[in-house]
Amino acid sequence: MGEYSGRFLPESLARAAIVEVGRRTYLRGFVAANDGNISVRIGDDLVLATPTGRSKGFIRADELVKMTLSGRKIEGTLAPSSEIKMHLKIYEARPDVMAVVHAHPPICTGFAVAGIPLDKCVLAEVVMTLGAVPLAEFAVPSTQELAEAVAERIRGCDAVLLANHGAVTVGPNPFAAHYSMERIEHLANISLVARLLGGEKLLTKRQVEEIAEVQRASGSSLPPLACKTCADSTCPPEELVGPRERRDGQPAPDFDVALAPMVSEQLLAQVVRVLKEELAEL
Ligand code: 13P
(Lines give C-alpha, C1' and ligand atoms only; values in the text may rest on other atoms or scores of the structure.)
Protein backbone atom coordinates (compact mmCIF):
# COMPACT_ATOMS: atom_id res chain seq x y z
CA MET A 1 0.00 0.00 0.00
CA GLY A 2 3.07 2.27 0.32
CA GLU A 3 4.28 4.70 2.93
CA TYR A 4 1.70 6.99 4.41
CA SER A 5 2.99 10.24 5.86
CA GLY A 6 -0.38 11.21 7.30
CA ARG A 7 -0.74 14.12 4.89
CA PHE A 8 -1.02 12.46 1.50
CA LEU A 9 -3.01 9.40 0.46
CA PRO A 10 -0.84 6.49 -0.69
CA GLU A 11 -0.80 6.46 -4.48
CA SER A 12 -2.64 3.17 -4.97
CA LEU A 13 -5.42 4.28 -2.65
CA ALA A 14 -5.60 7.70 -4.30
CA ARG A 15 -5.93 5.99 -7.71
CA ALA A 16 -8.75 3.75 -6.46
CA ALA A 17 -10.49 6.70 -4.82
CA ILE A 18 -10.38 8.75 -8.05
CA VAL A 19 -11.90 5.82 -9.95
CA GLU A 20 -14.70 5.57 -7.38
CA VAL A 21 -15.36 9.31 -7.20
CA GLY A 22 -15.47 9.41 -11.03
CA ARG A 23 -17.99 6.59 -11.04
CA ARG A 24 -20.18 8.33 -8.44
CA THR A 25 -19.92 11.68 -10.25
CA TYR A 26 -21.09 10.06 -13.50
CA LEU A 27 -23.82 7.89 -11.98
CA ARG A 28 -25.25 10.83 -10.02
CA GLY A 29 -25.60 12.76 -13.29
CA PHE A 30 -23.16 15.44 -12.21
CA VAL A 31 -21.48 15.17 -15.62
CA ALA A 32 -22.45 14.15 -19.16
CA ALA A 33 -20.33 12.21 -21.63
CA ASN A 34 -16.64 12.94 -20.91
CA ASP A 35 -17.22 16.06 -18.78
CA GLY A 36 -15.60 16.77 -15.44
CA ASN A 37 -12.23 15.98 -13.94
CA ILE A 38 -10.73 14.86 -10.64
CA SER A 39 -7.28 15.19 -9.12
CA VAL A 40 -5.59 14.20 -5.87
CA ARG A 41 -2.37 15.56 -4.42
CA ILE A 42 -0.22 12.60 -3.45
CA GLY A 43 3.03 14.35 -2.49
CA ASP A 44 4.69 17.71 -1.95
CA ASP A 45 5.17 18.00 -5.70
CA LEU A 46 2.94 15.22 -7.08
CA VAL A 47 -0.62 15.16 -8.36
CA LEU A 48 -2.70 12.37 -9.92
CA ALA A 49 -5.29 13.58 -12.43
CA THR A 50 -7.91 12.07 -14.71
CA PRO A 51 -7.01 11.90 -18.41
CA THR A 52 -8.74 14.20 -20.89
CA GLY A 53 -11.69 13.17 -23.00
CA ARG A 54 -12.72 10.05 -21.10
CA SER A 55 -16.01 9.38 -19.36
CA LYS A 56 -15.17 9.72 -15.69
CA GLY A 57 -17.64 6.92 -14.99
CA PHE A 58 -15.34 4.36 -16.58
CA ILE A 59 -11.81 5.48 -15.76
CA ARG A 60 -9.27 2.78 -14.88
CA ALA A 61 -6.71 3.37 -12.15
CA ASP A 62 -3.83 2.78 -14.57
CA GLU A 63 -5.14 5.50 -16.94
CA LEU A 64 -4.52 8.32 -14.47
CA VAL A 65 -1.79 10.85 -15.19
CA LYS A 66 0.89 11.66 -12.63
CA MET A 67 2.25 15.21 -12.73
CA THR A 68 4.33 17.71 -10.80
CA LEU A 69 2.63 20.81 -9.41
CA SER A 70 4.28 22.80 -12.19
CA GLY A 71 2.50 20.63 -14.80
CA ARG A 72 5.30 18.27 -15.88
CA LYS A 73 4.03 14.80 -16.73
CA ILE A 74 5.82 12.08 -14.75
CA GLU A 75 3.79 9.00 -15.62
CA GLY A 76 0.86 7.99 -17.81
CA THR A 77 0.31 7.33 -21.50
CA LEU A 78 -2.72 9.62 -21.87
CA ALA A 79 -2.85 13.43 -21.84
CA PRO A 80 -4.05 14.99 -18.57
CA SER A 81 -7.37 16.76 -18.18
CA SER A 82 -7.73 19.92 -20.24
CA GLU A 83 -8.51 21.65 -16.92
CA ILE A 84 -5.22 20.63 -15.29
CA LYS A 85 -4.13 24.30 -15.07
CA MET A 86 -7.14 25.01 -12.87
CA HIS A 87 -6.40 22.04 -10.58
CA LEU A 88 -2.72 22.98 -10.21
CA LYS A 89 -3.52 26.64 -9.56
CA ILE A 90 -5.92 25.59 -6.78
CA TYR A 91 -3.21 23.45 -5.11
CA GLU A 92 -0.88 26.46 -5.32
CA ALA A 93 -3.49 28.79 -3.78
CA ARG A 94 -4.56 26.32 -1.08
CA PRO A 95 -1.72 24.14 0.26
CA ASP A 96 -4.23 22.44 2.59
CA VAL A 97 -6.28 21.10 -0.35
CA MET A 98 -5.60 17.44 -1.20
CA ALA A 99 -8.33 16.82 -3.80
CA VAL A 100 -10.20 18.79 -6.46
CA VAL A 101 -13.41 17.77 -8.24
CA HIS A 102 -14.82 19.64 -11.24
CA ALA A 103 -18.28 18.72 -12.55
CA HIS A 104 -21.37 20.18 -14.22
CA PRO A 105 -24.27 19.18 -11.93
CA PRO A 106 -27.36 20.45 -13.78
CA ILE A 107 -29.10 22.45 -11.05
CA CYS A 108 -26.13 24.29 -9.58
CA THR A 109 -24.80 24.82 -13.10
CA GLY A 110 -28.22 26.34 -13.90
CA PHE A 111 -27.58 28.85 -11.11
CA ALA A 112 -24.10 29.47 -12.55
CA VAL A 113 -25.61 30.04 -16.00
CA ALA A 114 -28.17 32.44 -14.52
CA GLY A 115 -25.33 34.30 -12.75
CA ILE A 116 -26.71 33.52 -9.27
CA PRO A 117 -24.24 32.51 -6.53
CA LEU A 118 -25.39 30.21 -3.71
CA ASP A 119 -24.26 32.55 -0.98
CA LYS A 120 -27.30 33.26 1.16
CA CYS A 121 -28.06 31.84 4.58
CA VAL A 122 -30.84 29.39 3.74
CA LEU A 123 -29.97 25.97 5.22
CA ALA A 124 -28.51 25.30 8.66
CA GLU A 125 -26.39 22.39 7.36
CA VAL A 126 -24.82 24.57 4.70
CA VAL A 127 -24.22 27.44 7.14
CA MET A 128 -22.39 24.90 9.31
CA THR A 129 -20.42 23.11 6.61
CA LEU A 130 -19.83 24.90 3.32
CA GLY A 131 -20.88 28.46 4.02
CA ALA A 132 -21.07 30.62 0.93
CA VAL A 133 -20.67 29.26 -2.60
CA PRO A 134 -19.58 32.22 -4.73
CA LEU A 135 -19.61 32.53 -8.51
CA ALA A 136 -16.35 32.87 -10.46
CA GLU A 137 -16.63 35.05 -13.53
CA PHE A 138 -16.69 33.38 -16.93
CA ALA A 139 -13.44 32.37 -18.55
CA VAL A 140 -12.99 29.93 -21.41
CA PRO A 141 -12.60 26.32 -20.19
CA SER A 142 -9.02 25.02 -20.03
CA THR A 143 -7.41 28.49 -20.02
CA GLN A 144 -5.07 30.10 -17.50
CA GLU A 145 -7.73 32.82 -17.11
CA LEU A 146 -10.19 30.24 -15.77
CA ALA A 147 -7.52 28.84 -13.46
CA GLU A 148 -6.83 32.35 -12.05
CA ALA A 149 -10.53 33.20 -11.66
CA VAL A 150 -11.26 29.97 -9.75
CA ALA A 151 -8.11 30.14 -7.59
CA GLU A 152 -8.99 33.69 -6.57
CA ARG A 153 -12.41 32.54 -5.33
CA ILE A 154 -11.33 29.24 -3.78
CA ARG A 155 -8.97 31.10 -1.44
CA GLY A 156 -12.06 32.00 0.57
CA CYS A 157 -14.19 28.86 0.41
CA ASP A 158 -14.36 25.17 -0.53
CA ALA A 159 -16.88 25.29 -3.40
CA VAL A 160 -17.21 27.69 -6.33
CA LEU A 161 -19.70 27.99 -9.19
CA LEU A 162 -18.16 28.72 -12.60
CA ALA A 163 -20.25 31.13 -14.68
CA ASN A 164 -21.76 29.42 -17.75
CA HIS A 165 -19.78 26.27 -17.03
CA GLY A 166 -20.16 24.22 -13.81
CA ALA A 167 -18.70 23.92 -10.32
CA VAL A 168 -15.46 23.10 -8.48
CA THR A 169 -15.13 21.68 -4.98
CA VAL A 170 -12.04 20.96 -2.90
CA GLY A 171 -11.32 18.87 0.18
CA PRO A 172 -8.75 17.10 2.34
CA ASN A 173 -9.43 13.89 0.34
CA PRO A 174 -11.36 12.97 -2.83
CA PHE A 175 -14.50 11.82 -1.02
CA ALA A 176 -14.72 15.06 0.97
CA ALA A 177 -14.50 17.05 -2.27
CA HIS A 178 -17.16 14.79 -3.85
CA TYR A 179 -19.49 15.22 -0.86
CA SER A 180 -19.19 19.00 -1.19
CA MET A 181 -20.27 18.63 -4.82
CA GLU A 182 -23.27 16.61 -3.66
CA ARG A 183 -24.01 19.26 -1.06
CA ILE A 184 -24.03 22.21 -3.46
CA GLU A 185 -26.20 20.34 -5.96
CA HIS A 186 -28.62 19.53 -3.13
CA LEU A 187 -28.58 23.16 -1.99
CA ALA A 188 -29.24 24.30 -5.57
CA ASN A 189 -32.18 21.87 -5.89
CA ILE A 190 -33.73 23.16 -2.65
CA SER A 191 -33.09 26.80 -3.57
CA LEU A 192 -34.73 26.27 -6.96
CA VAL A 193 -37.83 24.70 -5.41
CA ALA A 194 -38.02 27.53 -2.85
CA ARG A 195 -37.83 30.05 -5.68
CA LEU A 196 -40.64 28.26 -7.54
CA LEU A 197 -42.70 28.43 -4.33
CA GLY A 198 -42.22 32.16 -3.84
CA GLY A 199 -38.58 32.57 -2.81
CA GLU A 200 -36.26 31.57 0.01
CA LYS A 201 -37.06 32.82 3.49
CA LEU A 202 -33.55 33.59 4.70
CA LEU A 203 -32.36 32.64 8.16
CA THR A 204 -32.13 35.69 10.43
CA LYS A 205 -28.79 37.00 11.59
CA ARG A 206 -29.64 35.83 15.13
CA GLN A 207 -30.46 32.31 13.87
CA VAL A 208 -27.17 32.16 12.00
CA GLU A 209 -25.31 33.28 15.13
CA GLU A 210 -27.07 30.56 17.12
CA ILE A 211 -26.10 27.94 14.55
CA ALA A 212 -22.53 29.21 14.77
CA GLU A 213 -22.59 28.96 18.58
CA VAL A 214 -23.79 25.33 18.45
CA GLN A 215 -21.09 24.57 15.93
CA ARG A 216 -18.41 26.15 18.13
CA ALA A 217 -19.71 24.37 21.25
CA SER A 218 -19.44 21.00 19.48
CA GLY A 219 -15.77 21.71 18.86
CA SER A 220 -16.11 22.06 15.09
CA SER A 221 -14.79 25.03 13.26
CA LEU A 222 -17.04 27.20 11.18
CA PRO A 223 -16.86 27.02 7.41
CA PRO A 224 -14.11 29.16 5.95
CA LEU A 225 -16.41 31.69 4.37
CA ALA A 226 -19.73 31.90 6.12
CA CYS A 227 -22.75 32.99 4.12
CA LYS A 228 -23.41 36.53 5.18
CA THR A 229 -26.66 37.53 3.56
CA CYS A 230 -29.20 36.90 6.30
CA ALA A 231 -32.81 38.02 6.38
CA ASP A 232 -31.84 41.17 8.22
CA SER A 233 -28.47 42.01 6.75
CA THR A 234 -27.20 42.28 3.22
CA CYS A 235 -23.59 42.10 2.21
CA PRO A 236 -22.11 43.20 -1.08
CA PRO A 237 -20.82 40.28 -3.14
CA GLU A 238 -17.26 41.63 -2.86
CA GLU A 239 -17.27 40.59 0.77
CA LEU A 240 -17.45 37.02 -0.41
CA VAL A 241 -13.99 37.26 -1.91
CA GLY A 242 -10.78 37.55 0.03
CA PRO A 243 -8.86 35.67 2.68
CA ARG A 244 -10.44 32.63 4.29
CA GLU A 245 -12.29 34.14 7.17
CA ARG A 246 -14.68 32.69 9.69
CA ARG A 247 -17.88 34.37 10.73
CA ASP A 248 -16.24 35.28 14.05
CA GLY A 249 -13.46 37.10 12.19
CA GLN A 250 -10.75 34.54 13.03
CA PRO A 251 -8.63 33.11 10.22
CA ALA A 252 -10.02 29.84 8.91
CA PRO A 253 -8.07 26.73 9.89
CA ASP A 254 -6.66 24.56 7.15
CA PHE A 255 -8.33 21.24 6.56
CA ASP A 256 -7.67 19.04 9.55
CA VAL A 257 -4.98 16.75 8.18
CA ALA A 258 -5.00 14.91 11.51
CA LEU A 259 -8.24 13.37 10.30
CA ALA A 260 -6.59 12.16 7.10
CA PRO A 261 -5.43 8.77 8.46
CA MET A 262 -8.92 7.95 9.68
CA VAL A 263 -10.42 9.07 6.41
CA SER A 264 -7.91 7.06 4.41
CA GLU A 265 -8.82 3.92 6.35
CA GLN A 266 -12.44 4.50 5.49
CA LEU A 267 -11.44 5.10 1.89
CA LEU A 268 -9.48 1.89 1.81
CA ALA A 269 -12.35 -0.12 3.24
CA GLN A 270 -14.76 1.40 0.73
CA VAL A 271 -12.51 0.85 -2.24
CA VAL A 272 -11.79 -2.77 -1.31
CA ARG A 273 -15.50 -3.43 -0.87
CA VAL A 274 -16.29 -1.90 -4.25
CA LEU A 275 -13.60 -3.93 -5.97
CA LYS A 276 -14.91 -7.12 -4.39
CA GLU A 277 -18.47 -6.31 -5.46
CA GLU A 278 -17.34 -5.60 -9.00
CA LEU A 279 -15.42 -8.85 -9.14
CA ALA A 280 -18.43 -10.75 -7.83
CA GLU A 281 -20.58 -9.33 -10.62
CA LEU A 282 -18.27 -10.60 -13.38
P1 13P B 1 -11.40 16.85 -19.64
O2 13P B 1 -11.99 15.57 -20.15
O3 13P B 1 -10.27 17.37 -20.49
O4 13P B 1 -11.01 16.75 -18.20
O5 13P B 1 -12.51 18.01 -19.77
C6 13P B 1 -13.80 17.88 -19.29
C7 13P B 1 -14.39 19.17 -18.85
O8 13P B 1 -15.40 19.16 -18.19
C9 13P B 1 -13.75 20.46 -19.22
O10 13P B 1 -14.31 21.51 -18.49
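Two strands pair if DSSP finds at least two bridges between them. With that criterion in hand, the tour of this predicted model can begin at strands S2 and S3, which meet it with three bridges and pair in the antiparallel sense.

**The whole chain**

Display the chain as a cartoon. Its secondary structure comes to eight helices and eight strands. Of the 282 residues, 45% count as buried. Among the contacts with a separation of 6 or more, 67% join residues 24 or more positions apart.

**The sheet**

Select the strands next. An open sheet of eight strands is laid out in the order S4-S3-S2-S1-S5-S8-S7-S6, and its pairing is mixed. Its edges are strand S4 (73-75) and strand S6 (135-136), each of which pairs on one side only.

Move to strand S1 (37-43) and strand S2 (46-49). S1 and S2 form a hairpin with two residues between them; the two strands run antiparallel and are joined by four bridges. Select Ser-39, which stands opposite Ala-49 in S2. Arg-41 likewise has a partner in S2, standing opposite Val-47. Stay on Val-47 and look towards S3, where its bridge partner is Met-67.

Return to S1, a mostly covered strand in which six of the seven residues are buried. S1 is also joined to S5 by four bridges, again in antiparallel fashion. Ser-39 serves as a landmark here too, as its bridge partner in S5 is Val-100.

Continue from strand S5 (residues 99-103) to strand S8 (residues 166-171): five bridges join them, and the strands run antiparallel. To find the register, select Ala-103, whose bridge partner in S8 is Ala-167.

**Helices on the sheet**

Helix H6 (residues 174-196) packs on the sheet, where it touches S1, S5, strand S7 (159-162) and S8. The direction of H6 makes about 140° with that of S8. Now show H1, which lies across S1, S2 and S5 and runs at about 165° to S1.

Select helix H5 (residues 144-154) and colour its buried residues: Leu-146, Ala-147, Ala-149, Val-150, Ala-151, Arg-153 and Ile-154. What covers these residues? The cover includes helix H2 (84-93), S6, S7 and S8.

**The nonpolar core**

In soluble globular proteins, nonpolar side chains tend to be buried together. In this model, the largest nonpolar core has 72 residues. Select those with the most contacts inside this core: Ala-17, Ile-18, Val-150, Val-160, Leu-161, Ala-167 and Ile-184. Helix H1 (residues 11-27) supplies the largest share of the core, eight residues.

Centre the view on Ile-184. Which residues does Ile-184 touch, not counting residues up to four places away in sequence? They are Cys-108, Leu-118, Leu-130, Val-133, Ala-159, Ala-167 and Thr-169. Ala-167, in this set, has already appeared as the partner of Ala-103.

**The loop between S2 and S3**

Go next to Lys-56, which lies in the loop between S2 and S3. Is Lys-56 buried or exposed? Lys-56 counts as buried because it has 27 C-beta neighbours inside 10 Å, where 20 or more are required. Not counting residues up to four places away in sequence, Lys-56 touches Gly-22, Thr-25, Tyr-26, Val-31, Gly-36, Ile-38 and Thr-50. A C-alpha to C-alpha distance from Lys-56 to Gly-22 gives 4.7 Å, although the two are 34 residues apart in sequence.

Step on to Gly-57 in the loop between S2 and strand S3 (65-67). With 17 C-beta neighbours inside 10 Å, Gly-57 counts as partly exposed. Its contacts, not counting residues up to four places away in sequence, are Gly-22, Arg-23, Tyr-26 and Leu-27. The C-alpha atoms of Gly-57 and Gly-22 are separated by 5.2 Å, across 35 residues of chain.

**The ligand**

Finish at the ligand and select the residues around it: Asn-34, Asp-35, Gly-36, Asn-37, Thr-50, Thr-52, Gly-53, Ser-81, Ser-82, Glu-83 and Pro-141. How many of the residues in this shell are nonpolar, polar and charged? By class, the shell has one nonpolar, eight polar and two charged residues. Gly-36 and Thr-50, both in the ligand's surroundings, are also among the residues touched by Lys-56.

Notes. Residues numbered from 1 in each chain as written. Predicted model: local features only at pLDDT ≥ 70, side-chain atom pairs only at ≥ 80, totals over all residues. Near = placed C-beta within 6 Å. Nonpolar A, V, L, I, M, F, W, Y, C, P; charged D, E, K, R; others polar. Core = buried A, V, L, I, M, F, W, Y, C linked by C-beta atoms within 7 Å. Buried ≥ 20, exposed ≤ 12 C-beta atoms within 10 Å, placed from the backbone. Contact = placed C-beta atoms within 7 Å. Axes fitted to C-alpha atoms, helices over the stretch in contact; angles between N-to-C directions.
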